[in-house]
Amino acid sequence: MQLFATAPGFDDPIGLLLACHGRILGHCETLERLPGHLAAHGPNDEARQAAGRILRYFHSAAPLHHADEEENLFPLLAAHPDFPESLRAPLQNLGAQHRVLERAWEELAGGLEDVVAGRPAALFPELFITMHRAHIALENGEIFPMAARLLTTGTLAEIGAAMRARRPGAEP
């Protein structure tokens, strides 16, 4: 009997990207609750721990996730002759969205660092959360299913190998 679901590995790069999206959305839910918690309780232990988890994730895993998509997945899809014309502009825009998300993160991170340090902080995560949800909806709903349909097992293995190489010594 398996008590916990096994996370996808590098042999399933699309599954791994989807799992990362699940973690991002989970952190967005925490971010959504954090300003209310801070208003009611201040930067207590629970708030500091939550802010620390969010900081660690978006400082380390998020840039790797963006690189996985921009350096490995998106170029292969853009070059694929059967990739739908209707998705070409949205695919190209996803990389630009990453830059906007990164700038929004930079603005939010300082407030989270204040929380971790136990200092009062004014957090305004709404734009960051809204952008992530829309971005992930497009990738999960359109781009990743198309990738799973169009890319060969060998190509997916190459993507997984590149993702693994980007994270020396780490499993997802």
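Both F58 and W105 are buried. The model is a predicted one, and this report starts from these two residues and works outward to the core, a buried acid, the cysteines and the salt bridges.

**Aromatic residues**

The structure holds four aromatic pairs. In one of them, F58 and W105 are tilted relative to each other, with 5.1 Å from centre to centre and 35° between the planes. This pair joins distant parts of the chain: F58 belongs to helix α2 (residues 45–79) and W105 to helix α3 (residues 85–116), and the two are 47 residues apart. F58 also pairs with F128, this time edge-to-face, at 5.2 Å centre to centre and 75° between the planes. Here the link runs from F58 in helix α2 to F128 in helix α4, 70 residues apart. F58 has a relative accessibility of 5% and counts as buried; F128, at 2%, is buried as well. Together with Y57, the residues F58, W105 and F128 make up one aromatic cluster.

**Nonpolar cores**

In soluble globular proteins, nonpolar side chains tend to be buried together. The largest nonpolar core in this model has 23 residues, and F58, W105 and L112 touch the most other members. Helices α1 (13–41), α2, α3 and α4 each supply at least two residues of this core. The biggest contribution is that of α2, with seven residues. A separate core of 20 residues includes F10, I14, L73 and F74.

Which residues does L112 contact, leaving aside its neighbours within four places in sequence? They are L31, L34, A51, I54, L55, W105 and L123.

I54, one of these contacts of L112, is found in helix α2. Its relative accessible area is 0%, so I54 is buried. Not counting residues up to four places away in sequence, I54 touches H27, T30, L31, W105 and L112. The C-alpha atoms of I54 and I24 are 9.0 Å apart, while the two residues are 30 residues apart in sequence.

**A buried acid without a partner**

E139 is located in helix α4 (residues 126–150). E139 is buried yet has no salt bridge. Why does E139 have no salt bridge? The nearest side chain of opposite charge, R99, is 10 Å away, and a salt bridge requires the nitrogen and oxygen atoms to be within 4 Å, so R99 is out of range. Leaving aside neighbours within four places in sequence, E139 is in contact with H21, H65, E69, F74, L94, H98, F144 and P145. Of these, F74 is also among the residues of the 20-residue core.

**Cysteines**

The count of disulfides is zero. C20 takes part in none, and the nearest cysteine sulfur, that of C28, is 11 Å away. Seen from the other side, the closest cysteine sulfur to that of C28 is in C20, and the 11 Å between them is too far for a bond, because a disulfide needs the sulfur atoms within 2.5 Å. Are these cysteines buried or exposed? C20 is buried, with a relative accessible area of 6%, and C28 is buried too, at 0%.

**Salt bridges**

Side chains of opposite charge can pair when their charged atoms come close. A search of the whole structure finds nine salt bridges; three of them are listed below, with the distance between N and O atoms.

| Pair | N to O distance | Relative accessibility |
|---|---|---|
| R133 and E32 | 3.0 Å | R133 34%, E32 47% |
| D45 and R48 | 2.1 Å | D45 48%, R48 26% |
| D114 and R119 | 2.7 Å | D114 24%, R119 42% |

R133 and E32 are both partly exposed. Because R133 lies in helix α4 and E32 in helix α1, their salt bridge ties together parts that are 101 residues apart in sequence. D45 and R48, by contrast, sit three residues apart in helix α2, which means that about one helical turn separates them. Both D45 and R48 count as partly exposed. D114 and R119 are partly exposed too.

Salt bridges also link D68, E71, R166 and R167 in a network.

Terms used. Residues are numbered from 1 along each chain as its sequence is written. This is a predicted model: local features need pLDDT of at least 70, side-chain atom pairs count only at pLDDT 80 or more; totals for chains, interfaces and linings use all residues. Side-chain values use heavy atoms; hydrogens and water are left out. Buried means under 20% relative accessible area, exposed over 50%, partly exposed in between (1.4 Å probe, protein chains only). Helices (H or I, at least four residues) and strands (E, at least two) are DSSP runs, numbered from the N terminus. Lys and Arg count as positive and Asp and Glu as negative; His and the chain ends are not counted. Contact means heavy atoms within 4.5 Å. Rings of Phe, Tyr and Trp (its six-membered ring) pair if their centres lie within 6.5 Å; planes under 30 degrees apart count as stacked, over 60 as edge-to-face and the rest as tilted. A nonpolar core is a set of buried Ala, Val, Leu, Ile, Met, Phe, Trp, Tyr and Cys residues joined through side-chain atoms within 4.5 Å.
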